Amino acid sequence: MSGGIDAWNGLVAGGAYEAGLAYFSRASRPEELISLSFALEEGNRVFYERISRDLKEEEAASIFRSMGQAEERHKETLRELHARVSGKGGNPVDPEGMEVGGFLEGGAPLGETLAWARGKTLEEILDLAIAMEANALDRYIKMGRAVTDERSKEVFLALSREEQKHLERMTSLLDRSQGKG
């Protein structure tokens with residue numbers, strides 16, 4: 001990639017509209033969409049926390065730690081939305097056939113992705129993180145369009161804005177690591 005900002009300048013989501021909702025094809029109710037989002041946020045949280053431990057660059061490690069904390073806040077937002085929509089407290093239920101925290105945004109298995117990341121450069125890991133954040137941004141925009149409840153739309157819009165900020169942080173770090181910023 002020639003500069004991290006390229007991920008934001010038009011390369012966000014390719015393919016058919018439905019492709020970005022692959023895990024969501026069976027989900028028809030808002031509670032199911034929320035549960036699936038919760039599961040993916042947990043996968044990203046674990047990924048960011050584990051990667052932050054292995055990075056030698058302190059700035060990068062700090063950013064990855066803060067990204068893990070942000071994913072935890074997203075889970076809390078989704079937990080609250082799920083309780084309001086479903087009338088049930090606690091965590092959203094495990095999506096059928098998908099282990100909570102077992103997959104990352106974009107559908108990559110967490111364990112395989114962590115194994116892949118061993119020995120990779122910061123730039124390679126950032127390329128992956130940028131793709132994950134772009135996928136999350138795209139998904140929340142699509143989910144906001146898919147739900148009819150105005151409050152849910154607002155929550156998904158707020159989450160999409162946060163994902164956009166994450167994407168900007170990652171692309172900025174990539175640019176700095178490549179000596180462009």
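Here is a walk through this structure, from the whole chain down to a couple of its residues. Keep in mind that you're looking at a predicted model.

Let's start with the big picture. The chain has five helices and zero strands, so if you follow the elements from the N terminus on, you simply read α-α-α-α-α. There are 181 residues in the chain, and buried ones make up 45% of them. The accessible surface adds up to about 9,000 Å², with 49% of that belonging to carbon and sulfur atoms. How do the contacts spread along the sequence? Take those between residues at least 6 apart in sequence: 77% of them join residues at least 24 apart.

Now to helix 1, which covers residues 30-54. From its first C-alpha to its last, helix 1 reaches 37 Å, close to the 36 Å expected for its 25 residues at 1.5 Å a residue. Helix 1 is also mostly covered, with 19 of its 25 residues buried. One residue to look for here is E42, which sits in helix 1. Is E42 buried or exposed? Its relative accessible area is 13%, and since buried means under 20%, E42 counts as buried. Setting aside neighbours within four places in sequence, you'll find E42 in contact with E72, K75, V100 and G101.

Next comes helix 2, running over residues 58-86. At 1.5 Å a residue, its 29 residues should span 42 Å, and the end C-alpha atoms are indeed 42 Å apart, so the two agree. Just past the end of helix 2, G87 takes a positive phi of about 80°.

Helix 2 has a partner worth a look: helix 5, residues 150-177. The axes of these two helices come within 11 Å and cross at roughly 175°. Angles over 145 degrees count as roughly antiparallel, so that is how helix 2 and helix 5 are described. And what kinds of residues make up the contact between helix 2 and helix 5? They divide into 13 nonpolar, five polar and eight charged.

Finally, find L122 in helix 4, which takes in residues 122-146. With a relative accessible area of 9%, L122 falls under the 20% cut-off and is therefore buried. Leaving out neighbours within four places in sequence, L122 is in contact with L55, E57, A60, F64 and S177. L174 is 52 residues away from L122 along the chain, yet their C-alpha atoms are separated by 8.1 Å.

Key. Residues numbered from 1 in each chain as written. Predicted model: local features only at pLDDT ≥ 70, side-chain atom pairs only at ≥ 80, totals over all residues. Heavy atoms only, no water. Helix = DSSP H or I, 4+ residues; strand = E, 2+ residues; numbered from the N terminus. Expected span 1.5 Å × (residues − 1). Axes fitted to C-alpha atoms, helices over the stretch in contact; angles between N-to-C directions. Parallel < 35°, antiparallel > 145°, perpendicular 65-115°, else oblique. Nonpolar A, V, L, I, M, F, W, Y, C, P; charged D, E, K, R; others polar. Buried < 20%, exposed > 50% of the residue type's maximum accessible area, 1.4 Å probe, protein only. Contact = heavy atoms within 4.5 Å. Areas by Shrake-Rupley, 256 points an atom, 1.4 Å probe, with all protein chains shown as cover.
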